[in-house]
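Welcome! Take a moment to turn the structure around on your screen, and then we will walk through it together, one region at a time.

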Amino acid sequence: MSVLPDETHASQLTSWVEGADGHPDFPIQNLPLCIFSTAESPPRAGVAIGPMLLDLAAVADAGLVGGEDARILRTAAGRTLNSFFAMSAAQRLRFRHILSQLLCAGADPPPMLREAVVDAATARLHLPVDVGDYSDFFAGIHHAATAGRMFRPDNPLLPNYKHVPIAYHGRSSSVCVSGHPVVRPVGQRAAHGATEPDYGASNRLDYELELAIWVRGGNALGTTIPIERAGAEIVGFGLLNDWSARDIQAWETQPLGPFLGKNFLTTVSPFVVTAEALAPFRSPQPPRAQGDPAPLPYLQDAEDQSHGAFDIQLEVLLRTAEMRRSGLAPHRLARSSGLDLYWTPAQMIAHHSSNGCNLRPGDLFGSGTVSGPGPDGHGSLLELTSGGRNPAVLPNGETRTFLEDGDEVILTGWCEREGFARIGLGEAKGLVVTRG
Ligand code: MN
């Protein structure tokens, strides 16, 4: 596993692609993958470089590299990224070095390479992976505590929280790429604690600011991924919005957990920022509070504790229909960080497979809502408005308890560290509409 920065992360590295140097999200130090199509070409794999996309199939066809490198490029250049996801961590690292060398400034790039670059503004981005399975964790401890406090003021965290990286199994068929409309779900709805439901459109539609964690896995059913090997099974990260209908969720969740209050849509960002790109932004897992239990041995690994957390800055922004009409920019509702997670992604992988559950290349984990510790860190409206009791006031005077039709929610994320180029995750956005 590559946890240390190398020459591909050097801040002075520049690209021959115009607009790449200093790009806030996609300078040459990032090289995230996506699936894109254009008017001329069906969906295919690409790598973002500044405002452009590099067509991986065109690069593979150009025969610019040979031997094992050619095989790695060809494997990455699929109709989805699943075959890329199936590669080993060593192959992913080699892929990063091949791309970095092809795109870095210096020698004049061959015409076939120049022709493989497409303007991202002319491309449509697709779901990057054929998602086999999707599990959503609950690792944002500030979210778990704030949400839990509404129901159990004296004991917000359930007894299992600090022992087990808890999750529910989500649904992969409704995982969509950024921009897919958010059709307000209809269902059995009830306020928390109510004993009778009614049926109708959700009145308590909410977002959840989460990290998407893309996983390799590949363990056979009945076998495990030990924590020492789990870090190498993280392919990359994106943004994930676990849209939630709180009134449907409140009624249905007991005793089996989230169902129709969640599975009407999950939005992910189109770019997979690789674990290799994030090497400079790895961090020690923040120490647990005094008195917290130590993780059980199967979740304990010294390297994971020293390098297994990811310092990714996260934001959620809202733009209402009225703000769009007035030409106002989206308003930031909250910010948080990947360091606000109580469990590392490797601990999630080790735990998920600890019973022999098989993970497959392209499986998707949600981190759980990532909330910061303070009042500006609430990663959902449930927290921000105290379950709808304290409306949020927007700069133009509008208020929100939960989402209204015409609201657009934008998740964004990036990494910054002294001495390294800033890299970004892009956006995951969705506009709320009512079923026509
Ligand atoms: Mn969630």
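What follows is a short tour of this predicted model, from a metal site to sheets, helices and a few single residues.

## The manganese site

Let us begin with the metal. Which residues hold the manganese ion? The protein donors are Asp 136 and Asp 242, each through OD, together with Glu 208 and Glu 210, each through OE. These donors lie 2.1 to 2.2 Å from the ion.

Now look for the donors in the sequence. Their spacing along the chain follows the pattern D-x71-E-x1-E-x31-D. Are Glu 208 and Glu 210 buried or exposed? Both of them are buried.

## An antiparallel sheet and its helix

Next, find an open sheet built from 5 strands, in the order β4-β3-β2-β1-β5, with antiparallel pairing. Strands β4 (117-119) and β5 (124-126) are at the edges and have a single partner strand each, so one side of each has no neighbour in the sheet. From one strand to the next, the twist averages 50°.

Helix α4, residues 89-103, packs on this sheet and touches β1 (33-37), β2 (44-49) and β3. The direction of α4 makes about 60° with that of β2. Back at the edge, β3 (residues 52-55) and β4 run antiparallel and are joined by 3 bridges. One pair to look for is Met 52 with its bridge partner in β4, Asp 119.

## Helix α2 and the loop after it

Helix α2 covers residues 67-76, and its buried residues are Asp 69, Ile 72, Leu 73 and Ala 76. Why do these residues line one face of the helix? Seen down the axis of α2, they fall within an arc of 100°, so they share one face. A general rule helps here: an α-helix has 3.6 residues a turn, so residues three or four places apart point the same way. The buried residues of α2 pack against β2, α1 (56-62), α3 (82-85) and α4.

Ala 77 sits in the loop between α2 and α3. Its relative accessibility is 16%, and because buried means under 20%, Ala 77 counts as buried. Apart from neighbours within four places in sequence, Ala 77 is in contact with Ala 45, Leu 56 and Ala 57. You can also try a distance across the model: the C-alpha atoms of Ala 77 and Gly 238 are separated by 20 Å, and the two residues are 161 residues apart along the chain.

## Strand β22 and its partners

Strand β22 runs over residues 363-366. In a regular strand, the side chains alternate between the two faces of the sheet. Here, Asp 363 and Phe 365 point one way, while Leu 364 and Gly 366 point the other way, and all are buried.

Which strand pairs with β22 in the parallel sense? That is β6 (residues 134-137), over 3 bridges, and Ser 135 has Phe 365 of β22 as its bridge partner. Strand β13 (residues 209-215) runs antiparallel to β22, and 4 bridges join them. Trp 214 stands opposite Leu 364 in β22.

## A sheet with mixed pairing

Another open sheet of 5 strands has the order β9-β26-β25-β20-β21, and its pairing is mixed. Its edge strands are β9 (182-183) and β21 (331-337), each pairing on one side only. Further in, 7 bridges join β20 (residues 313-319) to β25 (residues 408-415), and these two run antiparallel. Leu 314 stands opposite Gly 413 in β25.

## Arg 184 and helix α11

Arg 184 is found in the loop between β9 and β10 (186-189). With 9% relative accessibility, Arg 184 counts as buried. What does the side chain of Arg 184 reach at 2.9 Å? It reaches the backbone oxygen of Ser 202, and it also makes a polar contact with the side chain of Asp 405 (2.9 Å). Leaving aside neighbours within four places in sequence, the residues in contact with Arg 184 include Leu 205, Val 432 and Arg 435.

Our last stop is helix α11, residues 345-352. In this helix 7 of the 8 residues are buried, so α11 is largely enclosed by the rest of the structure. Among the buried residues are Pro 345, Met 348 and His 352.

Technical notes: Residues numbered from 1 in each chain as written. Predicted model: local features only at pLDDT ≥ 70, side-chain atom pairs only at ≥ 80, totals over all residues. Heavy atoms only, no water. Donors = N, O, S within 2.8 Å, 3.2 Å for Na, K, Ca; no water. Buried < 20%, exposed > 50% of the residue type's maximum accessible area, 1.4 Å probe, protein only. Pairing = 2+ DSSP bridges. Axes fitted to C-alpha atoms, helices over the stretch in contact; angles between N-to-C directions. Contact = heavy atoms within 4.5 Å. Arc of directions from axis to C-beta. Polar contact = N/O pair within 3.5 Å; in protein donor to acceptor, adjacent residues only side chain to side chain.
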